[in-house]
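Work through the exercises below with the structure in view. Each task is followed by a solution in steps.

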Amino acid sequence: MEQYKLLIVEDSRPISTLVEYVAKEAGYQSVIVETLAECKQVLAQEDNFYLASVDYSLPDGPDGEAIDEVIKKGIPAIVMTGHLDSEIRDHILSKAVSDYIPKESSEAFAYLAKQFHRFKHNPNFKVLVVDDSASTRSYVRNLLERNLYEVIEAENGQQGLALLAANPDTQLIITDYEMPVMNGVRFVSEVRKTYAKESVCIIGLSGGGATSLSARFIHNGANDFLQKPFCLEEFYCRIYQSIEHLEHMAKLKQLADVDSMTGLYNRYAFFNKANQLGGKIESSQYAVAMIDIDHFKKINDEFGHDMGDEVIQNLALSLQQEFDREILCRMGGEEFVVWFIDGSAQSHCHLLDAFRERVGEQLVRCGNYETHYSISIGYACAPDNIEQVIQYADQALYQSKTQGRNQLTLYSTQGV
Ligand SMILES: Nc1nc2c(ncn2[C@@H]2O[C@H](COP(=O)(O)OP(=O)(O)OP(=O)(O)O)[C@@H](O)[C@H]2O)c(=O)[nH]1
């Protein structure tokens, strides 16, 4: 069942049909009304709308009256306008709208689709507002809350740092410059000691006339800058730009960290993760299994590389299903690693050997071909560093291969 309900206020059937389509794709269930009277009636009867798309001009409400009705109910309103002159624009912006979109723009519906998706995630997007002026904080909070962002506030840089430490999931910081205790520029440079531009965006704000301030903010690690008083549209544009930057960086990180064929960590990301987790592992031992597909070259030679890829994907999926709590990696080619975060060596080996047997029973299909395959496993559990324990597991894997394949070998401190 779709959980997000959208109110579409629109007197043009073709447009409401398009909006409904775009909304459905984004996971919304829509209610369409065509007049101000209908809008009032629906709002009186139903109060669980998540978002509204509102036409500015309706036959019985030509000057944005429906926008007021929607906002009065606390529903975020994205306004769609057919005709946009500066008077209408100012009138729209004088209301607490979340966004407005000129309908005639060729990008209008693509943009609307993006906004529908974003609004679903906005409550999970945390923004820290740092300003010593309570009225500015409250103004910025209000603008952000219209877009459903979660907002936290600090009065100066020092408070901001403490709040950030307590809220490490913060993704955007909007900070003033002139503040007691710690000014905005110092605050930004302190934030950047811990939080990279890829994970937290910072927008600097200032009312002062110093033109060099934007450069100082950016030199010290801010992503962007806004001069007070700012125009509402510019404010939202900068916010969306920051969000887009974070989205792109997250995508790039995903591409860099994940093996595209299997969706598992690649070798680079695995060792990064190992370094991050190193100090946090509760057990003093590292427990690792190296898994390699037997006679894989033969599979490629006999059935073609597509079948080889299919077998690799089959093994990756089986690993994900069986070892969903462990850290999995495709080291390269047909070689995989399972890093056990907890549990005993005995339980790991029991699981691994049962897994090996089940893999041998699976039939993999590709085109007109089908094949079984087997795996060899080397397992090691030792107190050394992860690289060393992987080497031990690799030695045990080599033993499994030389002793006939399709078996599990344990590395022991006395050698395999
Ligand atoms: N289809 C496919 N083949 C790959 C991929 N990566 C590596 N290979 C092939 O995997 C084969 C690995 O062969 P070998 O290292 O000789 O090992 P093996 O045939 O599995 O034999 P043993 O490990 O000794 O049981 C090579 O022929 C590589 O070209 C891949 O992503 N897809």
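**Exercise 1: a helix residue**

Task: Locate Ala354 and decide whether Ala354 is buried or exposed.

Solution: The model is predicted. Step one, the place: Ala354 belongs to helix α14, which covers residues 345-361. Step two, the count: 12 other C-beta atoms lie within 10 Å of Ala354. Step three, the cut-off: a residue with 12 or fewer such neighbours is exposed, so Ala354 is exposed. As an extra step, take Gly404: Ala354 and Gly404 are 50 residues apart in sequence, and their C-alpha atoms are 18 Å apart in space.

**Exercise 2: domains**

Task: State which domains are assigned and how many Å separate the centres of domain 2 and domain 3.

Solution: The domain assignment gives domain 1 (4-120), domain 2 (125-256) and domain 3 (265-410). Taken over C-alpha atoms, the centres of domain 2 and domain 3 are separated by 44 Å. UniProt, in an unreviewed entry, lists residues 5-118 and 126-243 for "domain: Response regulatory". In the span 5-118, helix makes up 44% and strand 22%, and the end C-alpha atoms lie 14 Å apart.

**Exercise 3: two annotated aspartates**

Task: Find where UniProt places the feature "modified residue: 4-aspartylphosphate", and describe the surroundings of each position.

Solution: The unreviewed UniProt entry places this feature at Asp55 and Asp176. They span 122 residues in sequence and the farthest two C-alpha atoms are 35.6 Å apart, so they do not all gather at one spot.

- Asp55 sits in strand β3 (residues 51-55). Asp55 is buried, with 25 other C-beta atoms within 10 Å. Leaving out residues up to four places away in sequence, Asp55 touches Val9, Glu10, Asp11 and Met80.
- Asp176 sits in strand β8 (residues 170-176). Asp176 counts as buried, with 25 C-beta neighbours inside 10 Å. Leaving out residues up to four places away in sequence, its contacts include Asp131, Asp132, Thr136 and Ser206.

**Exercise 4: the ligand and the nonpolar cores**

Task: Say how many residues surround the ligand and which elements supply at least two of them each.

Solution: The ligand is surrounded by 16 residues, the closest being Phe296, Lys297, His305, Gly308 and Gly333. At least two residues of the shell come from each of β12 (286-293), α12 (296-303) and α13 (305-322). By type, the shell holds three nonpolar, five polar and eight charged residues.

Task: Identify the largest nonpolar core and the element with the largest share of it.

Solution: The largest nonpolar core has 42 residues, and Val288, Ala289, Val337 and Val338 are among those with the most contacts inside it. The largest share of this core, seven residues, is supplied by β12. Another core, of 32 residues, lies apart from it and includes Leu6, Cys39, Ile67 and Ile78.

**Exercise 5: backbone details**

Task: Describe the peptide bond from Lys228 to Pro229 and the phi values of Leu148 and Asn406.

Solution: The bond from Lys228 to Pro229 is cis, with omega near -5 degrees. Pro229 lies in the loop between β10 (224-227) and α10 (232-257). Leu148 is not a glycine, yet has a positive phi of about 70 degrees, and lies in the loop between α6 (134-145) and β7 (150-154). Asn406, also not a glycine, has a positive phi of about 50 degrees. Asn406 is in the loop between α15 (386-402) and β18 (408-410). With 18 other C-beta atoms within 10 Å, Asn406 is partly exposed.

Definitions and conventions:
Residues are numbered from 1 along each chain as its sequence is written. This is a predicted model: local features need pLDDT of at least 70, side-chain atom pairs count only at pLDDT 80 or more; totals for chains, interfaces and linings use all residues. A residue is near a molecule or strand if its C-beta atom, placed from the backbone, lies within 6 Å of it. Helices (H or I, at least four residues) and strands (E, at least two) are DSSP runs, numbered from the N terminus. Ala, Val, Leu, Ile, Met, Phe, Trp, Tyr, Cys and Pro count as nonpolar, Asp, Glu, Lys and Arg as charged, and the others, Gly among them, as polar. A nonpolar core is a set of buried Ala, Val, Leu, Ile, Met, Phe, Trp, Tyr and Cys residues joined through C-beta atoms within 7 Å. A residue is buried if 20 or more other C-beta atoms lie within 10 Å of its own, exposed if 12 or fewer, and partly exposed in between; C-beta atoms are placed from the backbone. UniProt positions are given in the numbering used here, feature names are shortened, and annotations may be inferred rather than shown by experiment. Two residues are in contact if their C-beta atoms, placed from the backbone, lie within 7 Å. Domain bounds come from an automatic or database domain assignment.
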